[in-house]
Amino acid sequence: MPRHAIVVIDMLNDFIGEKAPLRCPGGDDIVPNLQRLFKWVRGRKDDDIHLVHIQEAHRKNDADFRVRPVHAVKGTWGSDFIKDLYPEGDEYTIPKRRHSAFAHTDLDLYLREENIDTVVVTGVWTNVCVRSTASDALYNAYKVITLSDACASKTEEMHQYGLNDLSIFTKVMTIDEYIDAWEKGEDPWLGGGDQENKVE
């Protein structure tokens, strides 16, 4: 069987919840879905699925703020994980300053050290940080899965646009479909991508 890393992107106070200054409304809706996924992963006896928590943590004068409002500054409440999805035990956390969780971080090093071959993207925003991370995962030769009901964006339209792009080079599936494949002893990634150029 393969080894997966479920990469949970930016489920942070500055993005999730009514008090979030850069709120991603759809992010509130996926919290229960991610909680269910976390519970399933944490309850497994095998270590072939890792939870990796990505934490946007900008410097005060980050270049990202030239195009977006100030958010998720390192060491602030806004950059911390929401309490409902807080990392546990030795689950790995990775700070990032760019959209992709691979950009100038040690994510690729961690995945290679743990012999991970498949990256499963979740979190916010589907059409920005999730898509950028998935793209870089492919560039680094990982198989990529997108969990459609574990990702969200500012609007449903943005979310669907993101999923459409992601379906070109990842396997888009639901959490239930993902878990069911594992329970059946199947590789969830099989059939991923758009080898017949059908995506429009």
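## Close-ups of a predicted model

**View 1. C151 sits too far from any other cysteine sulfur for a bond: its closest one, in C24, is 10 Å away.** Keep in mind that this is a predicted model. Turn to C24 and the closest cysteine sulfur is the one in C129, at 9.8 Å, which is again too far for a bond. A disulfide is a covalent bond between the sulfur atoms of two cysteines. With a cut-off of 2.5 Å between the sulfurs, a search of the whole structure comes up with zero disulfides. Both C24 and C151 are tucked away from solvent: C24 counts as buried because its relative accessibility is 0%, and C151 counts as buried because its value is 3%.

**View 2. The largest nonpolar core has 33 residues.** Which residues touch the most other members of this core? They are I6, M11, L37, V124, L147 and Y178. At least two core residues come from each of these elements: strands β1 (4-9), β2 (49-56), β4 (118-124) and β5 (143-152), plus helices α1 (25-42) and α5 (175-183). Helix α1 hands over the largest share, seven residues. There is also a second, separate core, this one with 24 residues, and Y110, C129, A137 and C151 are among them.

**View 3. L37 is a core residue carried by helix α1.** Is L37 buried or exposed? It is buried, because its relative accessible area is 0% and the cut-off is under 20%. Beyond the residues up to four places away in sequence, L37 touches I6, T122, L147, I175 and Y178. Three of those names, I6, L147 and Y178, also turn up with L37 among the core residues that touch the most other members. For a look at how the chain comes back on itself here, take L37 and I179: they are 142 residues apart along the chain, yet 8.4 Å separates their C-alpha atoms.

**View 4. V124 and W125 are joined by a cis peptide bond.** Omega for this bond is about -15 degrees. That's worth a pause, since most peptide bonds are trans. W125 has its place in the loop between β4 and α3. V124 has plenty of company: setting aside residues up to four places away in sequence, it touches I9, D10, M11, F15, I16, C24, G27, I30, C129, V130 and A152. Notice that C24 and C129, the pair from the cysteine view, both appear in that list.

**View 5. T133 is a buried residue in helix α3 (residues 126-139).** It counts as buried because its relative accessibility is 0%. What does T133 contact once its neighbours within four places in sequence are left aside? The contacts are V7, I9, H99, S100, A101, F102 and V121. One of these, I9, is also touched by V124.

**View 6. E91 makes polar side-chain contacts with R42 and with H53.** E91 lies in the loop between β2 and β3 (92-96). The contact between the side chains of E91 and R42 is 2.8 Å, and the one between the side chains of E91 and H53 is 2.8 Å too. L51 joins R42 and H53 on the list of residues that E91 touches, not counting those up to four places away in sequence. Charged or not on the bench, E91 counts as buried here, because its relative accessible area is 15% and the cut-off is under 20%.

**View 7. A72 and N115 each have a positive phi without being glycine.** Most residues other than glycine have a negative phi. For A72, phi is about 45 degrees; for N115, it is near 55 degrees. Both are loop residues: A72 lies between β2 and β3, while N115 lies between α2 (107-113) and β4. Their surroundings differ, though: A72 is buried, with a relative accessible area of 0%, whereas N115 counts as exposed at 56%.

**View 8. The span of residues 5-176 carries a record label.** An unreviewed UniProt entry lists these residues as "domain: Isochorismatase-like". In the model, the end C-alpha atoms of the span lie 17 Å apart. Helix makes up 32% of the span, and strand makes up 22%.

Terms used:
Residues numbered from 1 in each chain as written. Predicted model: local features only at pLDDT ≥ 70, side-chain atom pairs only at ≥ 80, totals over all residues. Heavy atoms only, no water. Helix = DSSP H or I, 4+ residues; strand = E, 2+ residues; numbered from the N terminus. Buried < 20%, exposed > 50% of the residue type's maximum accessible area, 1.4 Å probe, protein only. Contact = heavy atoms within 4.5 Å. UniProt positions renumbered as here; feature names shortened; annotations may be inferred. Core = buried A, V, L, I, M, F, W, Y, C linked by side-chain atoms within 4.5 Å. Polar contact = N/O pair within 3.5 Å; in protein donor to acceptor, adjacent residues only side chain to side chain.
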